[in-house]
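Here are my notes for you on this chain, written as a short tour. Please keep the sequence and the model open beside them as you read.

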Amino acid sequence: MSEPLNRKRTAAGILLFAVLVILDQLTKTAAVHALKGKAPAILIKGVLEFYYLENTGAAFSLLRNAKWLFIIIAGAAIIAIGVLLLKMPINKKLQSLRIILIFISAGAAGNLIDRFFLGYVRDFIYFSLIDFPVFNVADIYVTCAVALLIILILFYYKEEDFSFLQKSGKR
């Protein structure tokens, strides 16, 4: 691939990452203004509500108040994904993986921003039908992207598609 194409793909990836993080932060800000200190907004009775929650832990409020642990993990994940994206060859077969990794890193970054500046993550989407933990847009990015990643690894990618990850003395 030519260098200008690599720059365009890198720029497109950075733009997608930025748009996803901004969208996450905008939805969280809107949730604060619309829901904080108010009754839940019921979209579908008994199924889906918007309910504001300040979560200092992970899902189900696990590891409450472990702010720095979450910041370190999210920061390390974002850096590792960035390095992986830079090492990854630009080809059509790996494009899905590239996009999935951008969604995972954007979700991690969205919640990292909350934890770093607020000390908690702003959650506001609640599936009351199954009593699922309250979550946010960044959580959707990570959950859906990881599910797709698992499917692609199990059914689409082959071991040789990841050969760029192996250290080799050959050049």
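1. Let us begin with a working term: a contact means heavy atoms within 4.5 Å. In the protein chain, residues 24 or more positions apart account for 67% of the contacts with a separation of 6 or more.

2. A word on where the values come from. This is a predicted model, in which local features need pLDDT of at least 70 and side-chain atom pairs count only at pLDDT 80 or more, while totals for chains, interfaces and linings use all residues. Residues are numbered from 1 along each chain as its sequence is written, and side-chain values use heavy atoms, with hydrogens and water left out.

3. Next, the overall layout. The protein chain has four helices and three strands; here helices (H or I, at least four residues) and strands (E, at least two) are DSSP runs, numbered from the N terminus. Following the sequence, you will meet them in the pattern α-β-β-α-α-β-α. Of the 171 residues, 35% count as buried (under 20% relative accessible area, with exposed over 50% and partly exposed in between, using a 1.4 Å probe and protein chains only).

4. Now the sheet. The three strands form an open sheet in the order β1-β2-β3, with antiparallel pairing; two strands pair if DSSP finds at least two bridges between them. β1 (41-44) and β3 (121-127) are the edge strands, each with a single partner, so one side of each has no neighbour in the sheet.

5. Look at each pairing in turn. β1 and β2 are joined by three bridges, and alanine 41 stands opposite phenylalanine 50 in β2. These two strands form a hairpin with three residues between them, where glycine 46 in the turn has a positive phi of about 75 degrees. β2 (residues 48-55) and β3 pair over six bridges, and glutamate 49 faces tyrosine 126 in β3.

6. How do α2 and α3 pack? The axes of α2 (residues 67-87) and α3 come within 9 Å and cross at roughly 155 degrees, which makes α2 roughly antiparallel to α3. Axes are lines fitted to C-alpha atoms, for helices over the stretch in contact, and angles run from 0 to 180 degrees between N-to-C directions. Angles under 35 degrees count as roughly parallel, over 145 as roughly antiparallel, 65 to 115 as roughly perpendicular and the rest as oblique. The residues of this contact divide into 15 nonpolar, one polar and three charged (Ala, Val, Leu, Ile, Met, Phe, Trp, Tyr, Cys and Pro count as nonpolar, Asp, Glu, Lys and Arg as charged, and the others, Gly among them, as polar).

7. Try zooming in on one residue of α2, isoleucine 81. Is isoleucine 81 buried or exposed? Isoleucine 81 is buried, with a relative accessible area of 11%. Leaving aside residues up to four places away in sequence, isoleucine 81 touches Leu101, Ile104 and Ser105. The C-alpha atoms of isoleucine 81 and leucine 101 are separated by 6.5 Å, although their positions lie 20 residues apart along the chain as a spacing.

8. Finally, the other neighbours of α3. α3 (residues 95-118) and α4 (residues 137-155) pack at an angle of about 150 degrees, with their axes 8 Å apart, and are therefore roughly antiparallel to each other. Their contact has 14 nonpolar, four polar and one charged residues. α3 also lies across β2 and β3, running at about 130 degrees to β3.
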